[in-house]
Amino acid sequence: MSSHDQLHTGELYLPMDPSILEEQLACLDRLYTFNQTRPTELERRQALLREMFAEVGEDCYVEPPLHTNFGGRHVHFGRQVYANFNLTLVDDTHIYVGDCTMFGPNVVVATAGHPILPELREQGYQFNMPVHIGRNCWLGAGVIVLPGVTIGDNVVVGAGSVVTKDLPDNVVAVGNPCRVLREVGERDRQFYYRDRRIQL
């Protein structure tokens, strides 16, 4: 099995394999073009996202600059996904994001890892584990999601949190390492921020 074939198996492989680098550089060229678009070129941005990403649903908005390892080639966005500036997607393998999910500024979603054993790192070995983020989630500014994590639906992850383990549906989670703070509950139907009541 070639190193290229091992991108998506979770096995150790060498990412500097020429067949990987050739594909990666072509993807990064398109990403460079996306990041150079003007704020008024919204249609061009959408067209580029459709070329770059594995899947991108309707009405997604990604604010440049976007940073990715493979230009989004292994990224699957549902519809109405919103990403603020400096979203980093370490998309060496697949990243799945559900409908209506929002990313604050400077969020990192990583699929790539390196072995703890120094001798293997010295040789350049890497492994990749997919990340799944559910629908209608909000990841606050500076959140980091580590390889292999699954985040359920309707989850709020507090700013600056480091998500090292799976999170269930319908929770607010915070911290480093990120832990469930509470479930989304009845109070959230009445108040949107501290004591500010929803009046819609």
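The questions and answers below deal with strands, salt bridges, a surface patch and a pocket.

This is a predicted model, in which local features need pLDDT of at least 70, side-chain atom pairs count only at pLDDT 80 or more, and totals for chains, interfaces and linings use all residues. Residues are numbered from 1 along each chain as its sequence is written, and side-chain values use heavy atoms, with hydrogens and water left out.

Reader: In the open sheet with the order β3-β6-β9-β14-β17, which are the edge strands?
Author: Strands are DSSP runs of E with at least two residues, helices are runs of H or I with at least four, and both are numbered from the N terminus. Two strands pair if DSSP finds at least two bridges between them, and the pairing in this sheet of five strands is parallel. The strands that pair on one side only are its edges, namely β3 (66-68) and β17 (162-163).

Reader: Which residue of β9 stands opposite Val90?
Author: Strand β6 (residues 87-90) and strand β9 (residues 108-110) run parallel and are joined by three bridges. Opposite Val90, the residue in β9 is Ala110.

Reader: Which residue of β15 stands opposite Ile133?
Author: Another open sheet of five strands, also with parallel pairing, has the order β1-β4-β7-β12-β15, and its edge strands are β1 (55-56) and β15 (150-151). Two bridges join β12 (residues 131-133) to β15 in parallel. Across from Ile133 in β15 stands Ile151.

Reader: In β19, which residue is the bridge partner of Ala173?
Author: Strand β18 (residues 171-174) runs antiparallel to β19, with four bridges between them. The two form a hairpin with four residues between them, where Gly175 in the turn has a positive phi of about 105°. Within β19, the bridge partner of Ala173 is Val180.

Reader: How many residues of strand β19 are buried?
Author: Buried means under 20% relative accessible area, exposed means over 50%, and partly exposed lies in between, with a 1.4 Å probe and protein chains only. Strand β19 (residues 179-183) is hardly covered, and among its five residues the count of buried ones is zero.

Reader: How far apart are the closest N and O atoms of Glu23 and Arg73?
Author: A salt bridge is a side-chain nitrogen of Lys or Arg within 4 Å of a carboxyl oxygen of Asp or Glu, and the count by this rule comes to six. Glu23 in helix α1 (residues 18-35) and Arg73 in the loop between β3 and β4 (75-77) are 50 residues apart, so that the pair links distant parts of the chain. Glu23 counts as buried because its relative accessibility is 18%, whereas Arg73 counts as partly exposed at 37%. In their salt bridge, the closest N and O atoms are apart by 2.5 Å.

Reader: Which acidic residue forms a salt bridge with Arg182?
Author: Arg182 is partly exposed, because its relative accessible area is 37%. The partner also counts as partly exposed, at 26% relative accessibility. With the closest N and O atoms 2.8 Å apart, the residue that forms the salt bridge with Arg182 is Asp188.

Reader: Which elements give two or more residues to the lining of the largest pocket?
Author: The largest pocket is lined by 20 residues, of which Val156, Val172, Arg182, Asp188 and Tyr192 lie nearest its centre. The elements that give two or more residues to this lining are β18, α4 (187-190) and β20 (191-193).

Definitions and conventions: On a 1 Å grid over the protein atoms alone, a cavity is a set of points where a 1.4 Å probe fits but cannot get out, and a pocket is an open set with protein on both sides within 12 Å along at least five of seven lines; lining residues have an atom within 4 Å of a point.
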